[in-house]
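Student: I should like to examine how the terms applied to a structure follow from its values. May we begin with the charged pairs?

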Amino acid sequence: MPSPPLQIGSRRHARIIAAWLLVGCALVAATLVVGGVTRLTGSGLSMVDWEPVSGVVPPMSAEGWEREFAAYRDSPEYRLVNRGMSLAEFKRIFWFEYAHRLLGRVIGLVFIIPFAVFLLRRMIPRSLIPRLLLLLALGGAQGLLGWWMVRSGLVDIPRVSPYRLTAHLALAVLVYALTLWTALSLLRPPAEDGDPEPARGAGLARGSAIVLGLAALTLLSGGFVAGLDAGLVYNTFPRMGVGWIPPDLLGANPWWLSPFEDRTTVQFNHRMLAMLLLGSVTALWWVCARRASGAARTWAHAGFAAVWVQAALGVATLLLFVPIPLAALHQANALVLVTALLGLTFELHRLEGCGGRRG
């Protein structure tokens with residue numbers, strides 16, 4: 001992602017726009033965490049209608065709650081999973097999904113209103129406008145994709161499609177990453193000749209980008225783990241059962257769908273990717289601690305800490321049969337790890353550009 005060039009004399013505006021984007025990042029992160037909790041608590045199918053405008057207001061009366069509950073009682077989840085649920089129990093799962101959807105709407109408002117103001121005041125560099133419009137389009141697509149995901153669980157089987165769940169997760173992470181990279185580009189433009197910060201990170205940017213890609217792949221494999229409840233099989237570590245390779249690996253029919261539809265294979269792949277990521281981030285940190293400097297080294301330390309915390313949370317979540325607090329922390333820390341690796345990749349890219357100009 002190239003850093004957007006800034007117009008001369010726009011540093012104050014750049015800081016304002018960056019702060020706005022960082023607020024957006026925080027909201028996207030909160031939405032991801034709440035979305036994870038919503039799935040873990042089985043709340044994601046509690047709202048059976050998509051009402052982008054009227055759905056902002058929750059039921060405000062006993063009659064409103066009865067209408068909402070009656071609509072839920074017509075859903076497959078109530079008939080096949082939660083038959084006999086009381087209104088009080090329904091309210092508990094409703095509020096998780098409502099909070100998730102409300103955060104999505106808040107993100108839209110937080111983005112659109114300041115964007116319009118900044119455009120009218122000509123605070124946004126012309127070169128940055130296409131990227132901000134792309135973020136707006138991706139945010140709208142995320143709302144549509146979220147409803148498409150929910151619809152998959154309202155037909156016959158009360159479970160959302162793991163493919164749609166993972167696609168929804170992937171787009172959210174993409175929006176978060178692109179927003180964060182843009183904010184960093186505004187706060188820390190390419191270093192100029194004579195910058196006192198030495199360009200000792202030159203040559204590491206490509207390796208860091210590869211590790212960042214591996215982290216994203218591992219996170220998305222976790223989407224399939226979540227979608228298939230694959231964390232509830234083989235709750236042992238480091239072995240899977242009594243062996244290193246489970247006997248029912250590649251159990252889907254046809255077999256080549258196993259990485260996406262077979263719970264054993266999905267968990268096995270997530271384990272392998274996680275261990276590869278643990279080694280890769282550790283190796284990257286080892287090199288950066290000696291060759292990188294300044295903010296890059298700080299990001300490397302953050303990534304090293306995050307990946308080991310993530311590994312510990314993942315193992316604990318598995319061994320304890322996926323308790324909701326631990327599983328939620330595991331999902332939240334995955335975003336912390338991606339953030340650290342993205343910040344590291346950004347800084348190394350910035351320093352590499354500085355080193356290239358000096359050479």
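Tutor: A salt bridge is a side-chain nitrogen of Lys or Arg within 4 Å of a carboxyl oxygen of Asp or Glu. In this predicted model, a search of the whole structure finds five salt bridges.

Student: What makes the pair of arginine 39 and aspartate 229 a salt bridge?

Tutor: Their side chains meet at 3.8 Å, N to O. The cut-off is 4 Å, so the pair qualifies. Arginine 39 belongs to helix α1, while aspartate 229 sits in the loop between α7 (205–228) and α8 (258–261); the two are 190 residues apart, and the pair links distant parts of the chain.

Student: Why are arginine 39 and aspartate 229 called partly exposed?

Tutor: The class lies between buried, under 20% relative accessible area, and exposed, over 50%. Arginine 39 has 24% relative accessibility, so it counts as partly exposed. Aspartate 229 has 26%, and therefore receives that label too.

Student: How do you know that arginine 101 and glutamate 97 form a salt bridge, and where do they lie?

Tutor: The closest N and O atoms of arginine 101 and glutamate 97 are 2.8 Å apart, which is within 4 Å, so the definition is met. Both residues lie in helix α4, four residues apart, about one turn of the helix. Both are also buried.

Student: What does the salt bridge between arginine 188 and glutamate 347 tie together?

Tutor: The closest N and O atoms of arginine 188 and glutamate 347 are 2.4 Å apart. Arginine 188 is in the loop between α6 and α7, and glutamate 347 is in helix α11 (residues 324–358), so the pair ties together parts that are 159 residues apart in sequence.

Student: Is glutamate 347 buried or exposed?

Tutor: Glutamate 347 has a relative accessible area of 1%, under the 20% limit, and is therefore buried. Its partner arginine 188, at 27%, is partly exposed. Elsewhere, salt bridges that share partners join Arg39, Arg159 and Asp229 into one network.

Student: How do you know that the length of α4 agrees with its number of residues?

Tutor: At 1.5 Å a residue, the 34 residues of α4 should span 50 Å; the end C-alpha atoms are 48 Å apart, so the two values agree. The buried residues of α4 include Phe90, Phe94, Tyr98 and Phe118. Among the elements that cover the buried residues of α4 are α1 (11–40), α2 (62–73), α5 and α6. Just after α4, arginine 122 takes a positive phi of about 55°.

Student: What makes α6 mostly covered, and which residue caps its N-terminal end?

Tutor: Of the 26 residues of α6, 19 are buried. The cap is serine 161, which has a side-chain oxygen 3.2 Å from the backbone nitrogen of tyrosine 163. The expected span of α6 (residues 162–187) is 38 Å and its end C-alpha atoms are 37 Å apart, which agrees.

Student: Which residues form the nonpolar patch on the surface?

Tutor: The patch consists of Leu109, Ile112, Ile113, Val117, Leu133 and Leu136, with about 510 Å² of accessible area together. The elements giving two or more residues to the patch are α4 (87–120) and α5 (129–151), and the largest share, four residues, comes from α4.

Student: Why can leucine 133 belong to such a patch?

Tutor: Leucine 133 lies in helix α5. A patch residue needs over 30% relative accessible area, and leucine 133 has 43%, so it passes that limit.

Methods: Residues are numbered from 1 along each chain as its sequence is written. This is a predicted model: local features need pLDDT of at least 70, side-chain atom pairs count only at pLDDT 80 or more; totals for chains, interfaces and linings use all residues. Side-chain values use heavy atoms; hydrogens and water are left out. Patches are made of residues with over 30% relative accessible area and no salt bridge: like charges are joined within 9 Å, nonpolar side chains (Val, Leu, Ile, Met, Phe, Trp, Tyr) within 5 Å. Accessible areas come from the Shrake-Rupley method with a 1.4 Å probe; for residues, only the protein chains shown count as cover. Buried means under 20% relative accessible area, exposed over 50%, partly exposed in between (1.4 Å probe, protein chains only). The expected span of a helix is 1.5 Å times one less than its number of residues. A polar contact is a pair of N or O atoms within 3.5 Å; within protein, one must be able to donate a hydrogen and the other to accept it, and residues adjacent in sequence count only if both atoms are side-chain atoms. Contact means heavy atoms within 4.5 Å.
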